[in-house]
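Biologist: I'm new to this one. Please walk me through it, and tell me how you know what you say.

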Amino acid sequence: FWQLINLALLASMLFVFWFFYQILYSLGTLCFYCMVVWIVTWPMFLYTIIWNYRENHLSENSLLKFVSKNHLAILIALYLVGILLTLAKFRDYFLY
């Protein structure tokens, strides 16, 4: 069951990354509701993986160990990359 949850969240993360790219670089606009989904999906994916790893629902490997120990830094880095990409795309709106 939990592996299916992880698989569904992985699919949602891939969709969110694809949608993030489409919104920024194809449409060139921002949607408040889309950004809320991005903000919620990223930690939901990360912390579900960590919980499944700690409950032994996933096999042990070094990447999961690293993610489990550094989850906050990974989440902050992911948010910062998203913010910086957004600011870089819409820098003209912030200059004037």
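Modeller: Let's start with the word helix: here a helix is a DSSP run of H or I with at least four residues, a strand is a run of E with at least two, and both are numbered from the N terminus. Thr 41, for instance, is found in helix 2. Keep in mind that this is a predicted model, where local features need pLDDT of at least 70, side-chain atom pairs count only at pLDDT 80 or more, and totals for chains, interfaces and linings use all residues. Residues are numbered from 1 along each chain as its sequence is written, and side-chain values use heavy atoms, leaving out hydrogens and water.

Biologist: How many helices and strands does the chain have?

Modeller: It has 5 helices and 0 strands. Reading along the sequence gives the pattern α-α-α-α-α. Along its principal axes, the C-alpha trace spans about 50 × 25 × 15 Å.

Biologist: What makes Thr 41 count as buried?

Modeller: Buried means under 20% relative accessible area, exposed means over 50%, and partly exposed lies in between (1.4 Å probe, protein chains only). Thr 41 has a relative accessible area of 7%, so it is buried. Leaving aside residues up to four places away in sequence, Thr 41 touches Ser 12, Met 13 and Val 16 (touching, or contact, means heavy atoms within 4.5 Å). Across the chain of 96 residues, 27% are buried.

Biologist: Are Val 36, Met 35 and Leu 84 buried, partly exposed or exposed?

Modeller: Val 36 is found in helix 2, and its 35% relative accessibility makes it partly exposed. Met 35 also has its place in helix 2, and at 26% it counts as partly exposed. Leu 84 is found in helix 4; with 56% relative accessibility, it counts as exposed.

Biologist: Which residues of helix 1 are buried, and what covers them?

Modeller: They are Asn 6, Leu 9, Met 13, Val 16, Phe 20, Ile 23 and Leu 24. Their cover includes helix 2 and helix 4 (71–89).

Biologist: How do you know that the length of helix 1 agrees with its number of residues?

Modeller: The expected span is 1.5 Å times one less than the number of residues. For the 26 residues of helix 1 that should be 38 Å, and its end C-alpha atoms are 35 Å apart, which agrees. Right after helix 1 comes Gly 28, whose phi is positive, near 65°.

Biologist: What describes two packed helices?

Modeller: The angle between their axes and the distance between the axes. Axes are lines fitted to C-alpha atoms, for helices over the stretch in contact, and angles run from 0 to 180 degrees between N-to-C directions. Under 35 degrees counts as roughly parallel, over 145 as roughly antiparallel, 65 to 115 as roughly perpendicular, and the rest as oblique.

Biologist: At what angle do the axes of helix 1 and helix 2 cross?

Modeller: The axes of helix 1 (residues 2–27) and helix 2 (residues 32–54) cross at roughly 150° and come within 9 Å. Set against the cut-off of over 145 degrees, that makes helix 1 roughly antiparallel to helix 2. Their crossing is left-handed (the near helix is turned anticlockwise from the far one by less than a right angle; clockwise would be right-handed). Helix 1 brings residues including Trp 2, Leu 9, Val 16 and Phe 20 to the contact, while helix 2 brings Val 37, Trp 38, Thr 41 and Phe 45, among others.

Biologist: How many residues of that contact are nonpolar, polar and charged?

Modeller: There are 18 nonpolar, 5 polar and no charged ones. Nonpolar covers Ala, Val, Leu, Ile, Met, Phe, Trp, Tyr, Cys and Pro; charged covers Asp, Glu, Lys and Arg; the others, Gly among them, are polar.

Biologist: Why are helix 2 and helix 4 called roughly antiparallel?

Modeller: Their axes cross at roughly 160° and come within 11 Å. That angle is over 145 degrees, and the two helices are therefore roughly antiparallel to each other. This crossing is right-handed. Among the residues that meet are Ile 39, Trp 42 and Arg 54 in helix 2 and His 71, Leu 75 and Gly 82 in helix 4. By class, the contact has 11 nonpolar, 2 polar and 1 charged residues.

Biologist: How far apart in space are Val 36 and Tyr 79?

Modeller: Their C-alpha atoms are separated by 12 Å, with their positions 43 residues apart along the chain.
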